[in-house]
Amino acid sequence: MKELICIVCPKGCHLKVDENNDYKVTGNSCEKGVDYGKNELINPMRVITSTVKIDGALHKRCPVKTSTSIPKGKMMEIVKELDSITLKSPVNVGDVVIKNVSNTGADIVVTKSM
């Protein structure tokens, strides 16, 4: 039995997920907790927020994020890829920096116009 705190909403329900009973979830206040609890043990997903280098802007780093959740196991691979990126100013919110990063279906997008 795994214990988790649900992060889907501000309630922070204390979930218990029984791996030996088809990932049965208890302690949830809503159905979102059931989905979160199961997925967190079967296939955990995360959104990456980070920065990349940028030339010609007021600041030296530009904030970026994944356009959707990616498998948690791919995080380090993607962060390493971000270390090799240098953008050229100007960039705008929503500009795609890397399309389909690490074959996840997610894009890396700019989150601040610079």
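Buried residues make up 31% of the 114 residues in this chain, which is shown here as a predicted model. The chain holds 2 helices and 10 strands, and its radius of gyration of 18 Å is well over the 13 Å that the globule rule gives for 114 residues, so the chain is more spread out than a compact globule. Two separate nonpolar cores, one of 18 residues and one of 8 residues, are described below.

**Overall architecture**

- Read from the N terminus, the order of elements is β-β-β-α-β-β-β-β-α-β-β-β.
- The C-alpha trace spans about 55 × 25 × 20 Å along its principal axes.
- Of the contacts between residues at least 6 apart in sequence, 42% link residues that are at least 24 apart.

**Surface and charge**

- The chain has an accessible surface of about 7200 Å², and carbon and sulfur atoms account for 51% of that area.
- There are 17 positive and 13 negative side chains, and 6 Å separates the centres of the two sets.

**Nonpolar cores**

- The largest nonpolar core comprises 18 residues, and Cys62, Leu87, Val97 and Ile108 have the most contacts inside it.
- At least two residues of this core come from each of β5 (49-55), β6 (61-66), α2 (75-83), β9 (96-98) and β10 (108-110).
- Beyond the residues up to four places away in sequence, Ile108 touches Val64, Lys65, Thr66, Ile78, Leu82, Asp95, Val96, Val97, Ile98 and Val101.
- A second core, separate from the largest one, has 8 residues, including Cys6, Leu15, Val17 and Val34.

**Val8, in the loop between β1 and β2**

- Val8 is located in the loop that runs between β1 (2-5) and β2 (14-18).
- With a relative accessible area of 43%, Val8 is partly exposed, because this value falls between the 20% limit for buried residues and the 50% limit for exposed ones.
- When neighbours within four places in sequence are left aside, Val8 is in contact with Lys32 and Tyr36.
- The C-alpha atoms of Val8 and Tyr36 are 7.2 Å apart in space, although the two residues are 28 residues apart in sequence.

**Arg46, in strand β4**

- Arg46 belongs to strand β4, which covers residues 45-46.
- The relative accessible area of Arg46 is 22%, and this residue is therefore partly exposed.
- Apart from neighbours within four places in sequence, the contacts of Arg46 are Glu40, Thr66, Thr68, Ser69, Ile70, Lys72 and Met75.
- Met75 is 29 residues from Arg46 in sequence, with a C-alpha to C-alpha separation of 8.1 Å.

**Lys53, in strand β5**

- Lys53 is part of strand β5, and its relative accessibility of 35% places it among the partly exposed residues.
- Residues up to four places away in sequence excluded, Lys53 touches Lys60, Arg61, Asp83, Ile85, Thr86 and Leu87.
- One of these partners, Leu87, also ranks among the residues with the most contacts inside the largest nonpolar core.
- Lys53 and Lys16 lie 37 residues apart in sequence, and their C-alpha atoms are 41 Å apart in space.

**Backbone features**

- Most residues other than glycine have a negative phi, and most peptide bonds are trans.
- Ser89 and Pro90 are joined by a cis peptide bond, with omega at about 5°.
- Pro90 sits in the loop between β8 (86-88) and β9.
- Asn100, which is not a glycine, has a positive phi of about 50°; this residue is in the loop between β9 and β10.
- Asn100 is partly exposed, at a relative accessible area of 32%.
- Ser102, likewise not a glycine, has a positive phi of about 50° and is placed in the loop between β9 and β10.
- Ser102 has a relative accessibility of 14% and therefore counts as buried, because the value is under 20%.

Technical notes. Residues numbered from 1 in each chain as written. Predicted model: local features only at pLDDT ≥ 70, side-chain atom pairs only at ≥ 80, totals over all residues. Heavy atoms only, no water. Helix = DSSP H or I, 4+ residues; strand = E, 2+ residues; numbered from the N terminus. Rg over C-alpha atoms; globule rule 2.2 N^0.38 Å. Buried < 20%, exposed > 50% of the residue type's maximum accessible area, 1.4 Å probe, protein only. Contact = heavy atoms within 4.5 Å. Areas by Shrake-Rupley, 256 points an atom, 1.4 Å probe, with all protein chains shown as cover. Lys, Arg positive; Asp, Glu negative; His and termini not counted. Charge placed at Lys NZ, Arg CZ, Asp CG, Glu CD. Core = buried A, V, L, I, M, F, W, Y, C linked by side-chain atoms within 4.5 Å.
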